[in-house]
Amino acid sequence: MKARQLISIAGLALLACSAKEVAPPAPLLPVPSESQLAWHAMEMNAFVHFTTNTFTGKEWGYGDELPKVFNPSLLDADQWVSTFKAAGFKGVILTCKHHDGFCLWPSRYTEHSVKNSPWKNGKGDVVREVAEACKKYDLKFGIYLSPWDRNHKDYGTQAYIEYYRNQLNELFSNYSPVFEMWFDGANGGDGYYGGKREKRTILGSKYYDWPNTLELVQKMEPTIIFFSDAGPGVRWVGNEKGIAGEPNWNTISPDTLYAGKGGIEKLLNTGSENGTAWIPAETDVSIRPGWFYHREEDSLVKSPEKLFEIYLTSVGRGSTLLLNVPPDRHGVLHENDVTALKGFRELLNNEFKINLALNAKTEASSFRGKSNQFSPSNLTDSSKETYWATDDEVKTGSVEIDLGNKKAIHYIVLQEYISLGQRVKSFNAEIWKSNRWESVAQASTIGYKRILKIESAETDKIRINFTAAKASLVISNIEVY
Ligand code: FUL
């Protein structure tokens, strides 16, 4: 008994020793911040466009809409947020102010807000109701505050920048915690501007003095993620169709970008392999043709199948999906949208029901220092924190997953351990069929998550070949459905 104990103690010591000897891969810079990592893991968030436009039928209000048009009869933020929760969203971003300048909270800096609307006799606060509902349902709350303001008389001057910052101060002091701040780049020039009804042009790269504004917000909300075309937290994906790039690099060089720059959609879509900053793409798309609710679009709500397709081209390409679901004139989500979201959730549950690779036997062409800490079994252990890694100089390799017996497969899900940087440039998947390997998919980047759709195949063995990478391979997870 004693001898056996001794041996096992010696074995443990040896193991600890060998684990110590093999250092983990050095991070490949740039790497995500803690807040960005948390943002990646959210995967799906809801966007809510709601303002006077909902009642006037516009997409971009001119800024002369009277507050009295804003009058939802049954506003129910709980209905919005509970629907989002059931669909699997982790956060909600609300248009607290869109380009028309109308504020959904009773801002003390303007009369153009809910406080002058008939809704709840001017005592209502949509921002508060949504922030509270998010707390209740444990979703994170985010703020869209349009920099372009077609109502404000001072738009275009320094006084407006002060106004904008005052509003940020107000929002962040009253509705914190806020996980993401959306700075939209749109600017069409003309507007009401306190009655002047004229065109005002600003220099997008300079006017807003973003560095100082962001610093102000960051002081109030240190973990905030800033969205804009340019980041610095997350970038626009370059289209409003729900399609992330192929490849999709989380890295890009921000010195070439600024919010609203234009003409860089392709670059935003793919990112750049050797980008100097970690600024991942967020895929924003609406469940309807417009961002705001219009009754004539009730029959044009995207189907569950279309939403699932968008899921594959956004989350499935290493991006985060920001799906807009706009409340109607009553202030509730329309039943067509609710039904579509339910169907979407059912599809996700059905398509990704049983992970056939969970705890499957896994072999790799090599693993880092032959240390168990980096063994290929980490790929199928259901933990995103453990990973398979190769030696520093090894940038290609294969992994074979034994499913035990023949199974129909439809999807392969891969995840890189992005805390150490994004590395894989290209890879492919093969299945074992009629005594040989048959190619079923080819792809470029992985990043936080990559989902390969396989056209109906039956197999008992899968091989993933990593054919090019920027540095040694560090893969945390493989799932098969
Ligand atoms: C655009 C805006 O102009 C749209 O109205 C919408 O808010 C969309 C998400 O961003 O730039």
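**Packing around Arg368, the parallel sheet and the nonpolar cores**

Leaving aside neighbours within four places in sequence, Arg368 is in contact with Val22, Ala23, Pro24, Pro25, Phe374, Ala389, Thr390, Asp391, Asp392 and Ser472 in this predicted model. Arg368 is located in the loop that runs between β13 (361-364) and β14 (388-389). With a relative accessible area of 6%, Arg368 falls under the 20% cut-off and is therefore buried. Thr390, one of the contacting residues, offers its backbone oxygen to the side chain of Arg368 at 2.9 Å.

An open sheet is formed by 8 strands, with parallel pairing, in the order β7-β4-β3-β2-β1-β12-β11-β8. The edges are occupied by β7 (225-227) and β8 (235-236); each has a single partner strand, so one side of each lacks a neighbour in the sheet. Strands of a sheet pair through backbone hydrogen bonds, either parallel or antiparallel. Within this sheet, β3 (residues 140-145) and β4 (residues 180-182) run parallel and are joined by 3 bridges. Gly142 has Glu180 of β4 as its bridge partner.

Helix α4 (residues 77-87) lies across two strands, β1 (44-48) and β2 (91-97), and runs at about 155° to β1. Helix α9 (residues 304-313) is mostly covered, with 7 of its 10 residues buried. These buried residues are Pro304, Leu307, Phe308, Ile310, Tyr311, Leu312 and Thr313. The elements against which the buried residues of α9 pack include three strands, β1, β11 (281-286) and β12 (320-324). The buried residues of α9 also pack against α10 (335-351), β15 (397-416) and β18 (450-469).

The largest nonpolar core comprises 78 residues, and Trp80, Phe84 and Val126 have the most contacts inside it. Helix α6 (residues 158-174) gives the most to this core, contributing 7 residues. At least three residues of the core come from each of domain 1 (34-351) and domain 2 (361-480). When residues up to four places away in sequence are not counted, Trp80 touches Val48, Phe50, Leu75, Leu94, Val126, Val130, Pro327, Gly331, Val332 and Leu333. A second core, separate from the largest one, has 28 residues, among them Ala429, Ala443, Phe466 and Leu473.

How values were computed: Residues numbered from 1 in each chain as written. Predicted model: local features only at pLDDT ≥ 70, side-chain atom pairs only at ≥ 80, totals over all residues. Heavy atoms only, no water. Pairing = 2+ DSSP bridges. Helix = DSSP H or I, 4+ residues; strand = E, 2+ residues; numbered from the N terminus. Contact = heavy atoms within 4.5 Å. Axes fitted to C-alpha atoms, helices over the stretch in contact; angles between N-to-C directions. Core = buried A, V, L, I, M, F, W, Y, C linked by side-chain atoms within 4.5 Å. Buried < 20%, exposed > 50% of the residue type's maximum accessible area, 1.4 Å probe, protein only. Domains from an automatic or database assignment. Polar contact = N/O pair within 3.5 Å; in protein donor to acceptor, adjacent residues only side chain to side chain.
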